[in-house]
Amino acid sequence: MRNLIALFACSCVTFCASAANDPAAAAAAKLAASVSRPASAMVPVAKKAEPVEKKAEPVEKKAEPAEKKAEPAATNEEEAEVELSAKIAQRLAALRERQQARATAAARAKKLADAKRRQDEQAALAAAAAAAAAPKHGTVWSYEGETGPANWSKINVDWAKCGTGNRQSPIDLRDGIKVNLEQISFDYHPSSFSEVNNGHTIQVTVGGGNFITVGNMAYELQEIHFHRPSEEKVNGKGTEMVMHLVHRSAEGKVAIIAVLLERGQPHRLIQTIWDNLPLEKHDVVSPSIVIDPTDALPERREYFTYMGSLTEPPCTEGVLWMVFKQPMQASPAQMALYSRMYPLNARPLQATSGRMIKESN
Ligand SMILES: [Zn+2]
């Protein structure tokens, strides 16, 4: 009887452990507890009986009738035991059935979840493929990180040249062919201007009527902007900053003059531009004063020239570049002010790809 109860208690503990939240298992555990309570109460009785047994030893034969008298009680207990074991078997069967049902339901749920996950994965892959195939028209670019120069061509389909072009700028100006380059003819005048911090540089739009003539072609000055450090290098060496003067011909051809900037004396034109900086990015200010673009030019006018591109998206090629050999100076304070806004806004060097570089004698 005690073994049977212990067996049932063990089975019940197993069930309870595997299905702690199951009400049937909890009920079985209760039953086991109620059944085992009398059993444990019986233990002291059995122990108390021990001395009686020992005392009975000498009169073994006299004890026999007592055993016989106990027989009807034993029969009752057997019947109770049979009844109880039947109950236990019934309850165990019910528990097993429940557990089987739970296992089947769990397996079905897992199968459904797996199928759903596979479906979701396939949908995500298809969406990613569609996104990759769709033409991109991003507009956000920068000089570092995800939207930096190495990825410009991937941001917008119209910026493909930034990645595939072989006439890109800036380049390292070396091994130039020294020739008697024609003088660039300047026809600059004091002009009205406006300024914007466009998020990539400080840009000064200059009023109309300022022209250069080179190669028998006239180009009108559009705007002046800055980079730090200089984008172009001469024999591998750059300067702290550079100023670009962007011109456009009536036919839409672009010619850019680069003026390298070194640390030294204050630069008059730069000071006027810095004095009028807008407080907020993308705000355009139009001061009531004028600037003379001639102040942007060094005394000596020898230059390097080659065919390249815009140095920012969309990296359009067919740009005539003229880089003055003589750098100009800007004061450390003027340099520092710019570097607070743009510590780095220069595109890295691009491959020369066998392009001809000419330079003034
Ligand atoms: Zn530039």
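1. A good place to start is P229, which sits in the loop between β7 (217–227) and β8 (233–234); strands are DSSP runs of E with at least two residues, helices are runs of H or I with at least four, and both are numbered from the N terminus. The peptide bond from R228 to P229 is cis, with omega near -5 degrees.

2. Before going on, please keep in mind that this is a predicted model: local features need pLDDT of at least 70, side-chain atom pairs count only at pLDDT 80 or more, and totals for chains, interfaces and linings use all residues. Residues are numbered from 1 along each chain as its sequence is written.

3. The loop between β12 (303–309) and β13 (317–324) holds P314, and P313 is joined to P314 by a cis peptide bond with omega of about 10 degrees. C315 lies in the loop between β12 and β13 too, and this non-glycine residue has a positive phi of about 60 degrees.

4. H282, in the loop between α6 (268–275) and β11 (284–285), also has a positive phi, about 70 degrees, without being a glycine. Most residues other than glycine have a negative phi, and most peptide bonds are trans.

5. Are C315 and H282 buried or exposed? C315 is buried, with 26 other C-beta atoms within 10 Å, whereas H282 is exposed, with 9. Buried means 20 or more such atoms, exposed 12 or fewer, and partly exposed in between, with C-beta atoms placed from the backbone.

6. Lastly, the largest nonpolar core (buried Ala, Val, Leu, Ile, Met, Phe, Trp, Tyr and Cys residues joined through C-beta atoms within 7 Å) has 48 residues, and V259 is among those touching the most other members. Strand β10 (residues 254–263) supplies the largest share of this core, seven residues.
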